[in-house]
Amino acid sequence: MLKSFFPVVHLGDTTTTKTEGKSFMAEKLTIKEILLLGLTNFALYVGAGNIIFPPILGLQAGTNVLPAAIGFLITGTGMVVIFAIAMARLGGSMDNLCTPIGKRAGFIMTAICFLCIGPLFAIPRTATVTYELSLKPFLPADTNFLTILTLVYFAVALLFALYPAKILDTVGKILSPIKIGALIFLCITALILTPSEAPAPQATYETGAFAIGFVNGYLTLDALASLAFAIIIVNAITSRHVTQTRAITKYAIISGCIAGCGFIFIYACLFRLGNTADALAHGATNGAEVLSAYVNYAFGSFGSIFLAILILFACLVTAIGLICACASYFSQVWPALKYRTLAVFFAVMSCAIANFGLTTLIQISVPALITVYPVFIVLTMTSFIRDYFIKQSFVIAPTCVLALIFGLNDGLEAAGFNILPQVVKDHLLWYDDDLSWVLPCCMLLVVLVIIDRVLHKKQPATPATTA
């Protein structure tokens with residue numbers, strides 16, 4: 001099923017493509033094509049997480065919003081661009097990314113990636129955001145129709161996911177420009193309209209604003225999504241008959257930077273929106289509540305209705321696409337499991353998880369993502385230099401294991417389980433920022449590179465003998 005959406009990409013420095021009997025050598029993209037590629041890249045990631053996290057961070061961080069915003073931009077934008085560039089260099093293949101840790105471990109990490117951007121977190125979140133922004137504002141206080149909404153929502157999503165080809169493409173092309181246009185309009189409004197001054201930061205933001213922003217950048221799931229969606233950008237480039245690996249990487253970098261600039265603008269405006277909304281949404285527990293209160297204040301009932309319809313269809317399209325992607329991937333890995341069976345399973349699973357509610361869902365996702373992100377960061381960052389290693393698995397695999405150990409400890413602590421004694425924590429750099437894994441992993445990497453050079457010296461080529 002994935003092949004019908006994403007054709008197989010073969011990269012090479014001298015590859016040519018054939019269309020209708022004609023051969024094309026690698027060509028340059030025009031400025032218009034580059035801009036469209038950047039906008040396509042940007043549109044791929046604009047979803048519920050991008051909209052709901054900056055406003056609540058801006059509200060809760062108050063006057064200490066700058067470090068929170070910087071931390072968020074590092075993981076929510078910078079890491080996304082870096083991951084996308086790395087995947088472009090690898091031909092958009094998760095298998096290529098995970099090669100140094102072995103086939104079995106690579107499958108596990110790829111499966112975790114798809115589950116995180118699928119039924120565990122991202123798909124259920126589309127339903128809960130839809131409920132918070134599209135239905136809840138119009139309900140009487142103290143009423144809860146989340147279960148009814150999720151049942152109807154995922155029944156519709158599943159119906160489309162079972163027959164996705166034409167409907168998904170058509171709806172996506174119509175809604176994406178509308179969604180982005182409406183979001184830009186909201187951002188411009190946030191720059192102009194200031195309901196209140198920034199409040200004092202909540203207690204956790206007084207000293208930990210950067211760390212909270214950093215972790216919430218994880219929660220957008222865009223960095224993980226860039227690993228799974230990279231093939232779309234690669235295919236978009238190669239469809240214009242650009243076939244050289246270096247050229248594909250160059251255009252992927254440019255498109256990633258365009259998307260990154262778009263995200264910086266959107267996030268800065270949404271941070272300001274939340275930072276000036278204390279009078280409207282004091283005590284809010286998630287970004288959907290902040291956004292709903294602000295839109296109602298700025299545009300009245302018409303704005304709330306427009307936002308409700310927009311969020312409903314935008315999130316629904318995202319849910320359909322993610323159900324398709326996850327079901328397609330796992331049906332390819334396990335051919336005995338049919339695509340439609342998996343689509344039903346993921347829809348039901350997402351429906352059940354969505355009923356925890358948006359705030360609880362975010363709280364559950366934090367420990368899981370803190371645990372797995374260090375491994376993906378190590379895999380991605382080492383992909384830029386791994387050709388210099390003699391034996392890649394010798395260097396990268398142990399570093400990933402160490403990253404997983406630290407990530408697991410940080411995840412358990414985020415869930416409320418304190419394992420390490422305080423004296424150990426005090427000696428770990430950036431422990432309170434959930435970055436204690438960085439220095440040990442870098443040190444281990446350096447040591448293993450040196451050992452790799454000593455133990456696995458490249459043997460000179462044996463000259464051919466003549467008879």
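Start by selecting Ser365, which sits in helix α16 (residues 358-382); helices here are DSSP runs of H or I with at least four residues, strands are runs of E with at least two, and both are numbered from the N terminus. This is a predicted model, in which local features need pLDDT of at least 70 and side-chain atom pairs count only at pLDDT 80 or more, while totals for chains, interfaces and linings use all residues. Residues are numbered from 1 along each chain as its sequence is written, and side-chain values use heavy atoms, with hydrogens and water left out.

Is Ser365 buried or exposed? With a relative accessibility of 5%, Ser365 counts as buried (buried is under 20% relative accessible area, exposed over 50%, partly exposed in between, using a 1.4 Å probe and protein chains only). Now display the backbone of Ile362: the side chain of Ser365 reaches its oxygen at 2.8 Å. Add Phe121 and Leu219 to the view, since Ser365 is in contact with both when neighbours within four places in sequence are left aside; contact means heavy atoms within 4.5 Å.

Next, the aromatic rings. The whole structure holds 15 aromatic pairs, a pair being rings of Phe, Tyr or Trp (its six-membered ring) with centres within 6.5 Å; planes under 30 degrees apart are stacked, over 60 edge-to-face, and the rest tilted. Select Phe42 and Phe263: their ring centres are 4.9 Å apart and their planes at 55 degrees, so this pair is tilted. Phe42 belongs to helix α2 (residues 31-45) and Phe263 to helix α12 (residues 245-275), so the pair ties together parts 221 residues apart in sequence. Both Phe42 and Phe263 are buried.

Then pick Phe72 and Phe271, whose ring centres lie 5.6 Å apart with planes at 75 degrees, so they are edge-to-face. This pair links Phe72 in helix α4 (residues 65-89) with Phe271 in helix α12, 199 residues apart. Phe72 and Phe271 are buried too. For a group view, select Phe107, Phe114, Tyr329, Phe330, Trp334, Phe345 and Phe346, which form one aromatic cluster.

Finally, go to the surface and select Val454 in helix α19 (residues 438-455). Val454 is exposed, at 53% relative accessible area. Now add Val446, Val447, Ile450, Ile451 and Leu455: with Val454 they form a nonpolar patch with about 530 Å² of accessible area together.

Zoom out to finish: the protein has 19 helices and two strands, and buried residues make up 51% of its 467 residues.

Notes
Patches are made of residues with over 30% relative accessible area and no salt bridge: like charges are joined within 9 Å, nonpolar side chains (Val, Leu, Ile, Met, Phe, Trp, Tyr) within 5 Å. Accessible areas come from the Shrake-Rupley method with a 1.4 Å probe; for residues, only the protein chains shown count as cover. A salt bridge is a side-chain nitrogen of Lys or Arg within 4 Å of a carboxyl oxygen of Asp or Glu. A polar contact is a pair of N or O atoms within 3.5 Å; within protein, one must be able to donate a hydrogen and the other to accept it, and residues adjacent in sequence count only if both atoms are side-chain atoms.
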